[in-house]
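Visitor: Hi, I'd like to go through this structure with you, side chain by side chain. Could you show me the model?

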Amino acid sequence: PVLGIDYAHVRIPFEISLWILLACLMKLGFHVIPSVSSIVPESCLLIVVGLLVGGLIKGVGEEPPILRSEIFFLFLLPPIILDAGYFLPLRQFTENLGTILIFAVVGTLWNAFFLGGLMYAVCQIGGTGLNHIGLLANLLFGSIISAVDPVAVLAVFEEIHINELLHILVFGESLLNDAVTVVLYHLFEEFANFEQVTIIDIILGFLSFFVVSLGGVFVGVIYGVIAAFTSRFTSHIRVIEPLFVFLYSYMAYLSAELFHLSGIMALIASGVVMRPYVEANISHKSHTTIKYFLKMWSSVSETLIFIFLGVSTVAGHHYWNWTFVISTLLFCLIARVLGVLGLTWFINKFRIVKLTPKDQFIIAYGGLRGAIAFSLCYLLDYEHFNMRDMFLTAIITVIFFTVFVQGMTIRPLVDLLAVKKKQETKRSINEEIHTQFLDHLLTGIEDICGHYGHHHWKDKLNRFNKKYVKKCLIAGERSKEPQLIAFYHKMEMKQAIELVESGGLGKIPSAVSTVSMQNIQPKTLPLERALPALSKDKEEEIRKILRNNLQKTRQRLRSYNRHTLVADPYEEAWNQMLLRRQKARQLEQKMNNYLTVPAHKLDSPTMSRARIGSDPLAYEPKPDSENLPIITIDPASPQSPESVELANEELKGSSHLSSSPEEDEEGLVMRVKEPSSPGTDDVFTPGTSDSPSNQRMLRCLSDPGPRPEPEEEEGEPFIPKGQ
């Protein structure tokens with residue numbers, strides 16, 4: 001025939017292409033109509049499209065396709081997880097790793113057992129028709145429905161632009177709880193086939209959690225290191241560089257699934273490990289290819305998952321039981337809220353940045369369920385779990401409630417509670433310098449305190465990475481390049497390429513254009529500007545100086561403890577000296593307070609004239625007071641009694657009668673005491689004014705005693721010569 005039709009030959013790839021095309025057109029249409037996408041999340045609209053397409057196919061008389069678990073776990077889920085793991089914000093993730101692990105492990109276990117136990121209690125109530133569902137089946141159902149879904153969390157949280165802390169807490173929990181879900185799922189599935197579960201089975205199930213989680217991480221690290229090492233030799237064949245990243249990551253996922261390990265943990269570990277070394281080896285074009293291909297692949301997979309959820313809802317077999325479905329939905333919400341509140345109360349005892357009540361509400365409200373629970377339930381065998389249809393119905397109800405109700409209302413609630421949003425800022429070289437400075441500073445403080453905390457182990461890992469790992473996995477001189485210089489080169493390259501792509505290269509001056517082009521294609525320094533090379537002896541001498549004075553500083557540091565400090569042999573003597581000095585000063589102060597006559601407060605000239613005018617007789621000079629010495633004190637610079645120098649008071653007292661009137665008006669002279677030399681004890685070292693006669697003169701001047709008779713006063717000085 002000239003023209004023939006053979007649809008069966010191309011049926012499967014043709015239908016797959018149609019579904020992908022439908023997904024892309026739907027995604028395009030939602031963003032063309034901003035009024036719809038700003039109110040309803042994209043995941044909700046895709047589920048509605050799936051419901052409509054499934055109903056249309058069923059109305060035509062065909063059987064709609066169902067989201068099979070093999071397709072979901074082997075083809076649709078890996079791109080989403082690889083995209084999340086490869087571009088994971090590693091700093092925020094590691095700083096909050098303890099909190100994420102507590103939410104992922106303890107929170108998921110709490111949800112599973114709390115929900116399974118309460119559902120078993122509901123099934124035992126008479127009249128519900130659920131008495132045939134045992135404890136293990138309910139615990140299996142609880143383990144399936146308890147885990148937060150990373151696909152649903154990504155779809156909703158990326159649209160509301162929540163701050164980095166909340167995003168990494170909820171998203172990190174949804175990634176890491178996969179190990180708990182896999183272990184509990186296989187554990188209860190195996191236990192359901194046993195006639196009797198022993199203590200040994202429970203212990204083995206507990207150990208399998210560590211094997212599944214740590215085994216998945218180990219597999220991911222192995223493949224990540226192999227991918228980084230392979231990228232070292234691709235400088236001549238740049239075209240296949242992105243392919244190595246995708247193939248090694250996918251092999252890590254399949255190898256983990258082969259041994260019933262956590263494939264999600266393997267994908268995350270491989271992406272995190274390979275990224276810094278691969279990006280140092282591959283070209284910028286390959287990096288752009290990896291970035292956009294991963295984003296495209298994960299976006300298409302996410303769209304297909306939500307569309308097929310809607311189609312499977314129409315096409316699947318359902319068994320509706322009001323008691324079971326409503327109880328499941330209610331207990332899911334209660335378990336999530338109680339788990340978040342209890343764990344946050346415990347976590348806040350150890351966190352520096354506390355989780356506020358608003359944060360706790362968003363974490364509890366963001367616990368969305370998705371296609372992972374649906375696919376795990378779809379994997380159950382009808383022979384052992386004849387209630388699978390009822391489980392599927394309840395799970396789809398919970399998924400629809402969390403995605404539609406919680407997903408649609410979380411954005412208005414975030415705005416209402418004024419939760420901090422993510423700030424889109426470009427990293428600057430200034431921020432990078434200060435971040436590294438604070439990291440080094442906190443590491444040094446931890447070393448001084450003897451506290452091996454987060455920064456200490458991070459610094460150890462960085463040193464090991466720089467000393468050994470980089471030399472093996474990064475080719476050329478890039479392995480020796482400091483982190484700050486590498487970041488600067490990366491920023492310069494990005495800025496230059498953005499400038500070229502924006503078409504601004506022709507509008508700026510030629511000098512700037514030349515600099516930008518040099519950033520894109522860096523040239524070597526001319527010979528006259530090259531630094532002179534040091535001789536081997538000089539270089540070895542500099543290294544020796546640095547090694548002896550700087551590098552061993554960290555090794556000399558000790559952990560300071562008040563129980564291990566060596567006692568100072570002179571400390572007791574110094575304490576005794578200080579106590580004696582303090583007692584002497586207190587005694588001297590008491591004596592001065594007891595013997596010193598307080599001076600009258602000096603009045604202003606206006607007040608003095610007013611007093612004399614009101615009572616002239618009271619302010620006339622006494623006839624018998626002309627022989628008394630007069631102490632003149634400058635009120636602008638009052639001195640303490642200790643600073644009065646009395647060395648020449650004896651001479652003044654003896655020559656008082658023969659002194660001239662000018663000298664008589666001067667009175668006693670007040671001098672500032674000379675400061676003692678450093679290192680001398682001013683209490684126990686005798687000075688010129690500390691003799692017994694001077695001390696007696698001080699007491700006499702302070703308390704002149706009763707006024708002498710006029711006839712005895714003639715010819716006698718105020719201070720006798722013999723004293």
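**Aromatic contacts**

Guide: Let's begin with rings: Phe141, Phe324 and Phe391 come together in one aromatic cluster. Please keep in mind that this is a predicted model.

Visitor: Good to know. How many aromatic pairs does the structure hold?

Guide: There are 23 aromatic pairs. One of them joins Phe374 and Tyr378, whose ring centres are 6.2 Å apart with the planes at 20°, so this pair is stacked.

Visitor: Why does that angle make the pair of Phe374 and Tyr378 stacked?

Guide: Because planes under 30 degrees apart count as stacked, and the planes of Phe374 and Tyr378 are at 20°.

Visitor: Where do Phe374 and Tyr378 sit in the chain?

Guide: Both are in helix H16, which covers residues 371-378. Phe374 and Tyr378 are 4 residues apart there, about one helical turn.

Visitor: And Phe374, buried or exposed?

Guide: Phe374 is buried, with a relative accessible area of 2%. Its partner Tyr378 is partly exposed at 23%.

Visitor: What lies over the face of Tyr378?

Guide: That's Arg388, at 5.0 Å from the ring centre of Tyr378.

Visitor: Let's try another pair. How are the rings of Phe400 and Phe404 arranged?

Guide: Phe400 and Phe404 are edge-to-face, with 65° between the planes and 5.8 Å centre to centre. Both belong to helix H17 (residues 388-417), where they are 4 residues apart, about one turn of the helix. Phe400 counts as buried, at 19% relative accessibility.

Visitor: Why does Phe400 count as buried at that value?

Guide: Buried means under 20% relative accessible area, so the 19% of Phe400 puts this residue in the buried class.

**Salt bridges**

Visitor: On to charges. How many salt bridges does a search of the whole structure find?

Guide: The search finds 12 salt bridges. Among the residues involved, Arg91, Glu95, Asp439 and Lys458 are linked in a network.

Visitor: What can you tell me about Glu95 and Arg91 in that network?

Guide: Glu95 forms a salt bridge with Arg91, and their closest N and O atoms are 3.3 Å apart. Both residues lie in helix H5 (residues 90-95), 4 residues apart, about one turn of the helix. Glu95 is partly exposed at 42% relative accessibility, and Arg91 is partly exposed too, at 32%.

Visitor: And what about Asp439 and Lys458?

Guide: Their side chains meet in a salt bridge at 3.7 Å, N to O. This pair links distant parts of the chain, with Asp439 in helix H18 (residues 429-449) and Lys458 in helix H19 (residues 454-473), 19 residues apart. Asp439 is buried at 15% relative accessibility, whereas Lys458 is partly exposed at 26%.

Visitor: Which residue does Arg463 bridge to?

Guide: Arg463 bridges to Asp459, with the closest N and O atoms 3.0 Å apart. Both are in helix H19, 4 residues apart, about one turn of the helix. Arg463 counts as partly exposed at 47%, while Asp459 is buried at 11%.

**Surface, cysteines and backbone**

Visitor: Switching topic: which residues make up the nonpolar surface patch?

Guide: The patch covers about 1100 Å², and its members include Ile5, Tyr7, Val10, Phe14 and Val36. Helix H1 (residues 7-32) gives the largest share, 8 residues. Val36 lies in helix H2 (residues 34-37) and is partly exposed, with a relative accessible area of 30%.

Visitor: How many disulfides are there?

Guide: The count comes to 0 disulfides. As for individual cysteines, Cys24 is partly exposed at 35% relative accessibility, and Cys123 is buried at 0%.

Visitor: One last topic, the backbone. What is the phi of His260?

Guide: His260 has a positive phi of about 60°, although it is not a glycine. His260 is located in the loop between helix H11 (241-258) and helix H12 (263-281).

Visitor: And what is phi like for Ala418?

Guide: Phi of Ala418 is near 55°, again a positive value in a residue other than glycine. Ala418 is in the loop between H17 and H18, and this residue is exposed, with a relative accessible area of 58%.

Key:
Residues are numbered from 1 along each chain as its sequence is written. This is a predicted model: local features need pLDDT of at least 70, side-chain atom pairs count only at pLDDT 80 or more; totals for chains, interfaces and linings use all residues. Side-chain values use heavy atoms; hydrogens and water are left out. A salt bridge is a side-chain nitrogen of Lys or Arg within 4 Å of a carboxyl oxygen of Asp or Glu. Helices (H or I, at least four residues) and strands (E, at least two) are DSSP runs, numbered from the N terminus. Buried means under 20% relative accessible area, exposed over 50%, partly exposed in between (1.4 Å probe, protein chains only). Patches are made of residues with over 30% relative accessible area and no salt bridge: like charges are joined within 9 Å, nonpolar side chains (Val, Leu, Ile, Met, Phe, Trp, Tyr) within 5 Å. Accessible areas come from the Shrake-Rupley method with a 1.4 Å probe; for residues, only the protein chains shown count as cover. A disulfide is a pair of cysteine sulfur atoms within 2.5 Å. Rings of Phe, Tyr and Trp (its six-membered ring) pair if their centres lie within 6.5 Å; planes under 30 degrees apart count as stacked, over 60 as edge-to-face and the rest as tilted. A charge sits over a ring if NZ of Lys or CZ of Arg is within 6 Å of the ring centre and within 35 degrees of the ring normal.
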